[in-house]
Amino acid sequence: MTTIYDAPEDFASAALAGFCAIHGQHVRLVKGGVVRSTEVPKGKVSLVVGGGSGHYPAFAGYVGPGLADAAVAGDVFASPSTAAVARVCRLADRGGGILLGFGNYAGDVLNFGVAAERLRAEGIDVRILPVTDDIASAPANASARRRGIAGTVIVFKIAGAAAESGLAIDEVERIARHANDRTVSFGVAYKGCTLPGAATPLFTVPGGKMALGLGIHGEPGIREEDITSASDLAKLLVGTLVSERPAGAKRVAALLNGLGSTKYEELFVLWQAIASELKAEGLEAVEPEAGEFVTSLDMQGCSLTLLWLDDELEIYWRAPSDAPVLRKGAVIAVRPATDVPNGAEGQPIYGPASEASKVSGACIAKMMQRVSAMLNTAEEQLGRIDAVAGDGDHGQGMSRGSAAAAAAASGAAAAGAGAASVLAAAGDGWADRAGGTSGAIWGLLLRSWSSSFSDDEAVTTEAVVLGARLALDGVTRLGGANIGDKTLVDALVPFVETLESSVASGKSLADAWGHAANAATLAADATSSLAPKLGRARPLAERSIGHPDAGAVSLAMCARTAAAFLQGAFGPGGVQI
């Protein structure tokens with residue numbers, strides 16, 4: 001159990017601040033993450049990594065010469081927001097382009113992907129690298145769907161060494177992708193992990209059993225077997241991984257990773273057996289590592305990662321690095337940075353707006369307050385739905401995100417912002433505070449919707465309908481979900497289509513929105529019969545059947561709340577929302 005904390009909601013930020021206070025020779029704390037505290041040459045490719053907290057030493061522990069230049073940190077088990085990723089990247093940029101590395105999870109894919117698009121629009125060359133090493137999460141012929149677990153350490157080590165050597169971003173990206181393609185991991189767990197403030201673990205393993213193919217966010221394994229000896233466990237781990245051995249591979253980089261409560265002596269015992277199994281397979285382990293590299297709070301268990309080396313990859317694996325989690329090779333001479341900003345941000349500045357658009361902006365802020373109040377009340381209900389096959393944090397994320405959105409929208413309206421700016425501020429606030437997949441999706445949804453509005457005029461019915469379509473297009477393009485995947489999209493598509501057809505038939509916006517909300521509710525209920533095809537629930541698809549998708553349900557709730565608000569918001573000269 002995670003027992004040392006003050007406020008559970010501040011656990012991640014407090015831990016990061018403490019880490020930076022101890023490791024100030026490597027990192028400096030900035031809003032949303034850390035950057036190197038040592039001098040970095042101008043023109044160098046910047047490796048920026050990140051993900052949720054709760055996995056220490058991932059990801060801040062990877063920052064230092066020869067490895068990453070910065071790390072973005074979300075809340076516990078939640079992706080950092082788009083705004084946080086973009087902010088930290090700007091601070092880490094040295095002019096050579098940025099490689100963004102993260103584990104292949106839906107929230108990270110969305111947040112890092114949207115941040116990359118924003119940064120490219122600012123003229124920064126950004127490439128993304130989702131790590132896909134967990135062979136338990138998808139078959140070899142669908143490796144792009146695999147999760148990223150402890151293999152992130154090896155892939156980032158290779159990428160960091162390539163960047164440190166002065167290569168251009170095209171070469172750094174190529175080498176990093178090559179390393180990812182040749183990295184595989186598999187793990188087991190004996191006990192689940194407990195979130196700060198929670199009384200029970202996210203999952204349990206029956207006594208005398210071990211869960212195989214675990215996730216690192218509290219996801220249970222794909223099957224359970226009897227606990228076995230170190231020798232038999234080594235046979236299981238090595239045998240599973242060598243099934244994907246490339247032709248001709250004879251040398252491997254190996255990393256034995258403890259998940260939080262399996263300690264070093266146990267890992268050393270297991271390593272001896274693993275080394276024997278690798279030798280029996282005709283494989284030589286090159287500079288192997290054992291320890292805690294990607295944990296899951298207090299989870300008991302371990303994972304084994306292998307990188308199938310070739311001559312090129314071996315050079316970068318053995319290259320020097322000096323980060324809190326991984327020190328290899330000769331000492332890298334560094335000097336303290338003199339130009340590292342503190343990452344502080346002032347109050348947002350909004351452009352001029354017409355009086356009509358300001359009125360619409362004020363109405364948007366009021367609507368966001370209604371939505372936030374509803375989601376705060378529904379937090380426990382949404383958490384129960386999500387816990388069936390996920391980690392149970394959807395209600396918390398929606399409540400937290402909508403509260404931040406309402407506060408941001410109210411602040412923008414009070415500052416005299418127009419409708420477009422108010423809704424965009426709400427989207428950024430939601431994404432920045434909620435984190436995770438739902439935060440990314442709702443931030444993207446609201447920001448995309450805002451692009452159909454203007455700060456120069458009142459919101460019209462036509463602008464609302466166009467915004468709904470833009471929101472759907474943005475979510476499906478960057479999120480990758482389709483109808484039938486058991487996600488928010490299953491409710492969003494009928495909502496948008498019904499809204500469009502109802503307005504086209506002559507209905508008022510209030511009536512059209514009401515019909516669309518009903519369509520979204522029916523579609524959300526119908527997700528009970530579906531099996532998830534995306535996200536963390538996918539490996540546990542059978543458990544999800546018979547229960548609706550939490551994301552679809554919460555979207556329908558928001559749609560109904562907005563419908564009730566709109567009943568009194570229709571007036572001459574446009575729609576004040």
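In this predicted model, helix α1 covers residues 11-22, and its 12 residues reach 17 Å from the first C-alpha to the last, close to the 16 Å expected at 1.5 Å a residue. Five of its residues are tucked away: F11, A12, L16, F19 and C20 are buried. Looking down the axis of α1, these buried residues fall within an arc of 160 degrees, so they line one face of the helix. The face turned away from that buried side carries A21 and I22, which are exposed. As for what sits over the buried residues of α1, the cover includes the strands β1 (27-30), β2 (33-36), β3 (46-53) and β4 (70-76).

Those strands lead straight to the sheet. It is an open one of 6 strands, with mixed pairing and the order β1-β2-β4-β3-β5-β6. Its edge strands are β1 and β6 (126-131), each of which pairs on one side only. From one strand to the next, the twist averages 20 degrees.

Now for β3. Of its 8 residues, 8 are buried, so this strand is largely enclosed by the rest of the structure. Strand β3 pairs in the parallel sense with β5 (residues 98-103) over 5 bridges, and V49 has G101 of β5 as its bridge partner. The pairing of β3 with β4 is also parallel and runs over 5 bridges; here V48 is matched with A70 of β4. A70 turns up again in the pairing of β2 with β4, as the bridge partner of V35. Strands β2 and β4 run antiparallel and are joined by 3 bridges.

Two further helices deal with the sheet. Helix α4 (residues 151-164) packs on it, touching β2, β3, β5 and β6, and its direction makes about 150 degrees with that of β6. Helix α5 (residues 169-181) lies across β5 and β6, and runs at about 10 degrees to β6.

That leaves the cysteines. With a cut-off of 2.5 Å between cysteine sulfur atoms, the model has 0 disulfides. For C89, the closest cysteine sulfur is in C20, and at 17 Å that is too far for a bond. C89 has 0% relative accessibility, so it counts as buried. C558 is in no disulfide either, as the nearest cysteine sulfur, that of C363, is 18 Å away. At 6% relative accessibility, C558 counts as buried too. C20 itself is among the buried residues of α1.

Note on methods. Residues are numbered from 1 along each chain as its sequence is written. This is a predicted model: local features need pLDDT of at least 70, side-chain atom pairs count only at pLDDT 80 or more; totals for chains, interfaces and linings use all residues. Side-chain values use heavy atoms; hydrogens and water are left out. Helices (H or I, at least four residues) and strands (E, at least two) are DSSP runs, numbered from the N terminus. The expected span of a helix is 1.5 Å times one less than its number of residues. Buried means under 20% relative accessible area, exposed over 50%, partly exposed in between (1.4 Å probe, protein chains only). The arc is that of the directions from the helix axis to the C-beta atoms. Contact means heavy atoms within 4.5 Å. Two strands pair if DSSP finds at least two bridges between them. Axes are lines fitted to C-alpha atoms, for helices over the stretch in contact, and angles run from 0 to 180 degrees between N-to-C directions.
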